[in-house]
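Thanks for making the time this morning. I would like to walk through one structure with you, going from its nonpolar interior to its charged pairs and its cysteines, so please have it open in front of you.

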Amino acid sequence: MENLTIHPGRLEGQVRVSGAKNSALRLLAASLLTEEKITLENYPYSLLDAQLHTEMLENLGKSCLVEEESETIHITQSKPPSSELLWSKRSIRNTLLILGALTARTGKASVPLPGGCKLGERKYDIHVNVLESLGAKVWEKNGYLHARITKGKSFKGSEIHLPLRSTGATENALLCSSLAKGKTTIWGPHIRPEIMDLIELLRKMGVEITVRGQESIIIEGQESLKGATHRIIPDNVEALTWMIGAVITGGDIEIIDFPYEHLEVPLIHLRESGARFYRSEDRMIVRGGECYPIDISTGPYPGINSDMQPLFAVYAACAKGKSKIIDLRFPGRYAYAEELKRMGMDFTVKENLLEITGPTYWQGSTVKALDLRAGAALMLAGLMGTKNTQIENSWQISRGYHHLIIKLKFLTSK
């Protein structure tokens, strides 16, 4: 899907939130820790990043069977895992977790340098520190990251001190320490829904894990891990996307499998900013509302995730008055604002502060999805345009929204 045409329209109808991208990819990496079968339910198989990841797993000796009707994937081992991922296609950020899992399983690993969205200075030094803390040497050579356990064939339990609440580094520490000898303590982890989902799978696989809030996680490593069946949590960013889309278009939708418990803070901001929504068991009913200016900053869970701020920017642009957004995780993650400007958004960036002045009278235009969430923001803005909007590079959106076109057509065809 290189180009996506968005027709102006109101969102109306019913939509189900799919399995979380940011959880599914981590769970796929965890399957490398065992030779036994891993079954993942509520699996978002159409995501481009998920498809790439399963190809990587098969390259490493796994067999991946996807049952599309039940949205389930069965991962089995067809041959002992290779310690080297030879890969010529697009890379994804999750190769860092593959590096950790493979090193834990085989004692050494080589993977392509991580890809994913280019969000400022998104380095991987914290991941290197995690592996080194557990006894590995890590180096970069010829476009690959290499790791090798320096003494013996297994990681050794240790104290891991994270300098910031990094989701990826917390996940890598969990994967690596699951097969480490002895106890590992992760200090300053980022406890969020995707992390807890990974922990739940690892527990089913036989790892003893104690979570002490944002203070620490204690892992008792095992010599080997067993197979497991696990249901992936709903995608909170997808849920928020449909919700904001319904509010700005004056829509009326029912969102099934809405993860209320994972969106408490964003929902408070939206309710105070004019959104009208109602809770009904496992679903959310959104009936438009009136957008008021917002003043938000991103931060660790349960705060507003950095992935959510482009969506909030579109919401802010629909409000009358001035809104302010600060991204504390990825300073300067506002390149998408230039694309929204092509559609009429008025904004300024002062140091790390994005100021948006609305209301915006959206104009259909030709714009480019610079990354996954930027593309989703352009999609929402396109629903408000005076004419059709062409989103180039729209494959980026398909990296994170399962059955996007099907759901979008259904919601706008009324």
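In this predicted model, the largest nonpolar core holds 69 residues, and those that touch the most other members are L33, L131, F155, L174 and L202. If you ask which element gives this core its largest share, the answer is helix 3, residues 95–106, with seven residues. As general background, nonpolar side chains in soluble globular proteins tend to be buried together.

Let me stay with L33 for a moment, since its surroundings can be listed. Once its neighbours within four places in sequence are left aside, L33 is in contact with A101, A104 and R105, with L175, S178 and L179, and with L202, M205 and L225. Apart from this core lies another one, of 67 residues, and among its members are V17, V286, M343 and L380.

Next, a word on a strand. Strand 6, which covers residues 108–112, has four of its five residues buried, so the rest of the structure largely encloses it. Its pairing with strand 8, residues 144–149, is antiparallel and runs over five bridges, and within that pairing K108 stands opposite R148 of strand 8.

Now to the charged pairs. How many salt bridges does the structure hold? The count is 17, and I will go through three of them with some care.

The side chains of E71 and R16 form one of these, with a nitrogen-to-oxygen distance of 2.6 Å. Because E71 sits in the loop between strand 4 (62–67) and strand 5 (72–77), while R16 belongs to strand 2 (residues 12–16), this pair ties together parts that are 55 residues apart in sequence. The two partners fall into separate accessibility classes, in that E71 counts as buried at 12% relative accessibility, whereas R16 is partly exposed at 27%. The pair also belongs to a network of salt bridges that links R16, E71 and D257.

The second pair is D49 with R399, whose side chains meet in a salt bridge at 3.1 Å, N to O. Here D49 comes from helix 2 (residues 48–59) and R399 from the loop between helix 12 (395–398) and helix 13 (404–412), so the parts that this pair ties together are 350 residues apart in sequence. Is D49 buried or exposed? D49 is buried, with a relative accessible area of 2%, and R399 counts as buried too, at 4% relative accessibility.

The third pair is D282 and R283, where the side chains meet in a salt bridge at 3.2 Å, again N to O. Of these partners, D282 counts as partly exposed at 32% relative accessibility, and R283 is partly exposed as well, with a relative accessible area of 22%.

That leaves the cysteines. The structure holds zero disulfides, and C318 serves as an example: the nearest cysteine sulfur, which belongs to C291, is 5.1 Å away, and since a disulfide would require two sulfur atoms within 2.5 Å, C318 is in no disulfide. As for burial, C318 counts as buried at 17% relative accessibility, and C176 is also buried, with a relative accessible area of 0%.

I will stop there, and I am happy to go back to any of these places on the screen.

Conventions: Residues numbered from 1 in each chain as written. Predicted model: local features only at pLDDT ≥ 70, side-chain atom pairs only at ≥ 80, totals over all residues. Heavy atoms only, no water. Salt bridge = Lys/Arg side-chain N within 4 Å of Asp/Glu carboxyl O. Helix = DSSP H or I, 4+ residues; strand = E, 2+ residues; numbered from the N terminus. Buried < 20%, exposed > 50% of the residue type's maximum accessible area, 1.4 Å probe, protein only. Core = buried A, V, L, I, M, F, W, Y, C linked by side-chain atoms within 4.5 Å. Contact = heavy atoms within 4.5 Å. Pairing = 2+ DSSP bridges.
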